[in-house]
Amino acid sequence: MAYLVTFHWGWLLASGLLGLAMGWVAVVHRGRGVSKRTSRWLAALAAALVAAALARVIPGRPGYWLDLGLVMFAIYLFGCAAGSWLRDWVLARNAKAA
Amino acid sequence: MHGIFRWSGKWWPGTVPLVVFWAIAAWTSTAPLESDLAARSTAALKDTVLDKTRIEVAGRDVTLAADAFSEDGRRSAVASVETVPGVRLVNDETRLVPEAKPFVWSAERDVARVTLGGSSPLPASKGKLLEAARAALGGVEVVDQMNLARGAPPRFDNAALLLLDQIGKLKDGKITISDTNISLSGMAHDLGGREAIAAALKNLPEGFSVAANEIKAPPYVFQAYKDPVASTVTLTGYVPDNNVHAAIAAAAGRKFFSEKVVDNLKASVGAPSGFAGAVVPALGALSRLSTGTLVVADREAKLSGDALYDAAVAQIRASLAKDFPPSWQVKADISVKPAAAPVDPTVCQQLFSDLLAKGKIRFESGRASIDPDSAGLLDRLIEIAMRCPTADIEIAGHTDSDGEDAFNQALSEKRAQAVADYLVKAGLPANRFTATGYGSSQPVASNDTDEGKAQNRRIDFLVR
């Protein structure tokens, strides 16, 4: 993991920033979100992929691509969470001030 | 915290560019990542002794194929690749180098090259052996046909290096190590090479033994060539040591009284036993030939040439058979020189005088037995006597003044008679010769010095 981070820090930073931006926008976004049912399926899929990566069942290059994808996705999610929380905090402070 | 779940439903649009990022990252980073991991894995194996190492990287998975020289070495090689940062899995395709039983190594030399074959325990020792072979055989091509194998006996490298030193002493041949048994065959380069190799084999590392040493020495050759035109005798080849050299040179000087002895002999070990005992009589036989060659190789002597008259051939053969050491072989291929043209008795006298001025008939001290060293001179005297068949010849014996007159008189008579008998034995008619003794009554030099006495002790041939 440490090796992936040092080797791909540029791409991981990009994923994190993308997540931060998406999280920032998501708080005030009015479009439709993903339904609960779909999100459960997506969560199960993600869990299955993580399990596959940890068990190292996918060999060679696809295995590496899966690892890379999951690391980027995890950092994206972390960025989203941070962005959303930050936006929410900013909104809440403004509302108090008003 | 509750908000996170609410908001997360709206995070999905970002996954579209994320997938694009991911695709680009995977596309551009796979090859550099693989080559980086391959380099790190190779570096991790730097201190591990392996053969035929092959590292293939697919993604973060490393396939390691190699021949290891021990189970520990094999495991540690896999472990060191596994600990390389970034490596996810190691596909272990390593195996142990096959074990050779028996463990055989060989070095074979022919005229143009040296071939190293069989098994070598480690790549490092293989390199060391090749380097040693090149150093020991400066300029000779070294061909490497060695495999790597396990199962070498302890101290194999030392034994092989010692044997490689010996291969330089061979003209051709083969040295083999089979487990701890060493066998050698072939021909040594120089005389003494066989002995030098045998001496070196005493320093073999502990545990090794010589199973067979069939190194042959090159033939021990001694040659003598008598050239009547240049009036020289050329000695070439080997003698065992300086003492034998001096003895042979002295014998040649006595036997070849009128020829110049050209001595090109070299001292070398490896002479067959009885060397001097065979060479000296063979030189005596050569001295009786008008032209001839003597070749002594190991225990075989070949004499060829022309004797001066018929009876001499049988005499030479008989004396060789008698004087040669047992276990030696002698081949005499002797023909007879065509008889020289007859001459006047006065010419005969001149020829006798000239010849006796160059050399004297020698006798054992105080006795009338002719020294065998004088056989060559007597043959020439006989040849001259045959050229003037009508001349009667007086054989005159003289002594120096030492001792009593009566003894000297008797000795001079006996010696003259001994020479006359020798000539008759050679086939000349007895009635042509009269043997007379003069004792010390007719000195040709002063009897006061040893030199003068030596001149006075003589046999003269006088044509009547």
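Two strands pair if DSSP finds at least two bridges between them. Keep that in mind, as I'll use it for several strands today. One caution before we start: this is a predicted model.

Let's apply that definition. In chain B, strand 17, residues 393–398, is joined to strand 19 by 6 bridges, and the two run antiparallel. For a landmark, find B:Ile395, which stands opposite B:Phe461 in strand 19 of chain B.

Strand 17 of chain B has another partner. With strand 18 of chain B it pairs in the parallel sense, over 5 bridges. Here the landmark is B:Ala396, opposite B:Thr436 in strand 18 of chain B.

Put those together. We get an open sheet of 3 strands in chain B, order 18-17-19, with mixed pairing. Which strands stand at the edges? Strand 18, residues 433–437, and strand 19, residues 458–463, of chain B. Each has a single partner strand, so one side of each is left without a neighbour in the sheet. From one strand to the next, the twist averages 20°. As for strand 17 of chain B, it is mostly covered, with 5 of its 6 residues buried.

Next, strand 11 of chain B, residues 221–227. In a regular strand the side chains alternate between the two faces of the sheet. Strand 11 of chain B shows this alternation. Which of its residues point to the buried face? B:Phe222, B:Ala224 and B:Lys226 do, and they are buried. B:Val221, B:Gln223, B:Tyr225 and B:Asp227 point to the other face and are not buried. Note the lysine on the list: B:Lys226 counts as buried here.

B:Lys226 is also a handy marker for the neighbours. Strand 11 of chain B pairs antiparallel with strand 14 of chain B, residues 289–297, over 6 bridges. In that pairing, B:Lys226 stands opposite B:Gly292. Strand 11 also pairs antiparallel with strand 12 of chain B, residues 232–239, over 6 bridges. There, the bridge partner of B:Lys226 is B:Val233. Strands 11 and 12 of chain B form a hairpin, with 4 residues between them. In the turn, B:Ser231 has a positive phi of about 55°.

Now zoom out to chain B as a whole. It comes to 13 helices and 19 strands. Of its 464 residues, 33% count as buried. Take the contacts in chain B with a separation of 6 or more: residues 24 or more positions apart account for 68% of them.

On to the interface. How many residues does each chain put into the contact? Chain B gives 26 and chain A gives 34. On the chain B side, helix 1 (2–8) and helix 2 (15–44) each supply at least two residues. Helix 2 of chain B gives the most, with 9 residues. By class, the chain B side has 15 nonpolar, 7 polar and 4 charged residues.

Last stop, chain A. Look at helix 3, residues 36–55, and helix 4, residues 60–97. Their axes come within 10 Å and cross at roughly 130°. That angle makes helix 3 of chain A oblique to helix 4 of chain A. The crossing is left-handed. Which residues make the contact? From helix 3 of chain A, they are A:Leu49, A:Val50, A:Ala52 and A:Ala53. From helix 4 of chain A, they are A:Leu66, A:Asp67 and A:Leu70. By class, that is 6 nonpolar, no polar and 1 charged.

That's my tour. Thanks.

Notes. Residues numbered from 1 in each chain as written. Chains lettered and ligands numbered in written order. Predicted model: local features only at pLDDT ≥ 70, side-chain atom pairs only at ≥ 80, totals over all residues. Axes fitted to C-alpha atoms, helices over the stretch in contact; angles between N-to-C directions. Parallel < 35°, antiparallel > 145°, perpendicular 65-115°, else oblique. Left-handed = near helix turned anticlockwise from the far one by under 90°. Contact = placed C-beta atoms within 7 Å. Nonpolar A, V, L, I, M, F, W, Y, C, P; charged D, E, K, R; others polar. Buried ≥ 20, exposed ≤ 12 C-beta atoms within 10 Å, placed from the backbone.
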